[in-house]
Amino acid sequence: VKGVSLEVGTGELLALVGESGSGKSLTALSVMGLLPPSAQVTGSIQFENKTLLSPDTRRQAPDTSLNGSAITMVFQE
């Protein structure tokens, strides 16, 4: 996935839709801190002034403290 830029305001919801293989799941997994070890990160993800993902934080254990409370992923299955 290249060139993704999303901005979601307070109280807004975001739904990613698109064709199979377009990068929806990989984009969502990156926000949730669930990328596979082989993923290469060149950008960053911020949420409420906190960096959730960047090339530097990629070497650390993912911070999943927001998962389920402030950020949620609904799997298709």
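**Notes on a small α-β-β model**

1. Let's start with how the chain talks to itself. Among contacts in the protein between residues at least 6 apart in sequence, 22% join residues at least 24 apart. One thing to keep in mind while reading on: this is a predicted model.

2. How sure is the predictor? The average pLDDT over the protein is 80, and 84% of the residues score at least 70. If you go element by element, helix α1 has the highest mean, at 85, while strand β2, covering residues 50-53, has the lowest, at 82.

3. The parts list is quick to learn. You will find one helix and two strands, and walking from the N terminus they come in the order α-β-β. The helix, α1, takes in residues 24-32, and β1 (45-47) joins β2 in covering the buried residues of that helix.

4. Now the surface and the inside. The protein has 77 residues, and buried ones make up 18% of them. Its accessible surface comes to about 6300 Å², with 51% of that belonging to carbon and sulfur atoms.

5. Which residues make up the largest nonpolar core? There are 10 in all: Ala28, Met32, Leu35, Val41, Ile45, Leu52, Leu53, Leu66, Ile71 and Met73. Both α1 and β2 supply at least two residues each to this core.

6. Have a look along α1 next. Thr27, Ala28, Ser30 and Met32 are the buried residues to pick out there. As general background, an α-helix has 3.6 residues a turn, so residues three or four places apart point the same way. In this model, Ala28 and Met32 of α1 are both buried, and both belong to the largest nonpolar core.

7. Ser30 deserves a click of its own. This residue sits in helix α1 and counts as buried because its relative accessibility is 12%, under the 20% cut-off. Leaving aside residues up to four places away in sequence, Ser30 touches Leu35, Ile45 and Leu53. Those three partners are listed in the largest nonpolar core too.

8. Is Val31, the next residue of α1, buried, exposed or partly exposed? Val31 lies in the helix as well, but it is partly exposed, because its relative accessible area of 29% falls between the 20% and 50% limits. Its contacts, not counting residues up to four places away in sequence, are Ile45, Leu52 and Ile71. You can also trace a long-range pairing here: Val31 and Thr72 are 41 residues apart in sequence, yet their C-alpha atoms are 9.3 Å apart in space.

9. Ile45 ties several of these threads together. With residues up to four places away in sequence left out, Ile45 touches Ser30 and Val31, and also Lys50, Thr51, Leu52 and Leu53. Ser30 and Val31 are both in α1, while residues 50-53 are strand β2. Ile45 is itself a member of the largest nonpolar core.

10. A few backbone angles are worth checking on screen. Just after α1, Gly33 takes a positive phi of about 75°. Which residues other than glycine have a positive phi? Glu48 has one of about 50°, and Asn49 has one near 60°.

11. Those two belong to the loop between β1 and β2, where both Glu48 and Asn49 are found. Glu48 is exposed because its relative accessible area, 64%, is over 50%. Asn49 counts as exposed for that reason too, with 85% relative accessibility. From Glu48 you can also look across to Thr10: the two are 38 residues apart along the chain, and their C-alpha atoms are separated by 9.5 Å.

12. Last stop, the outside. Where is there a nonpolar patch, and what forms it? The patch is on the surface and is built from Val1, Val4, Leu6, Val8, Leu14, Leu16 and Leu26, with about 580 Å² of accessible area together. Leu26 is a residue of helix α1. Leu26 is partly exposed because its relative accessible area is 37%, between the 20% and 50% limits. That value is also over 30%, so Leu26 meets the accessibility cut-off used for patches.

Key:
Residues are numbered from 1 along each chain as its sequence is written. This is a predicted model: local features need pLDDT of at least 70, side-chain atom pairs count only at pLDDT 80 or more; totals for chains, interfaces and linings use all residues. Side-chain values use heavy atoms; hydrogens and water are left out. Patches are made of residues with over 30% relative accessible area and no salt bridge: like charges are joined within 9 Å, nonpolar side chains (Val, Leu, Ile, Met, Phe, Trp, Tyr) within 5 Å. Accessible areas come from the Shrake-Rupley method with a 1.4 Å probe; for residues, only the protein chains shown count as cover. A salt bridge is a side-chain nitrogen of Lys or Arg within 4 Å of a carboxyl oxygen of Asp or Glu. Helices (H or I, at least four residues) and strands (E, at least two) are DSSP runs, numbered from the N terminus. Buried means under 20% relative accessible area, exposed over 50%, partly exposed in between (1.4 Å probe, protein chains only). pLDDT is the predictor's confidence in each residue, from 0 to 100. Contact means heavy atoms within 4.5 Å. A nonpolar core is a set of buried Ala, Val, Leu, Ile, Met, Phe, Trp, Tyr and Cys residues joined through side-chain atoms within 4.5 Å.
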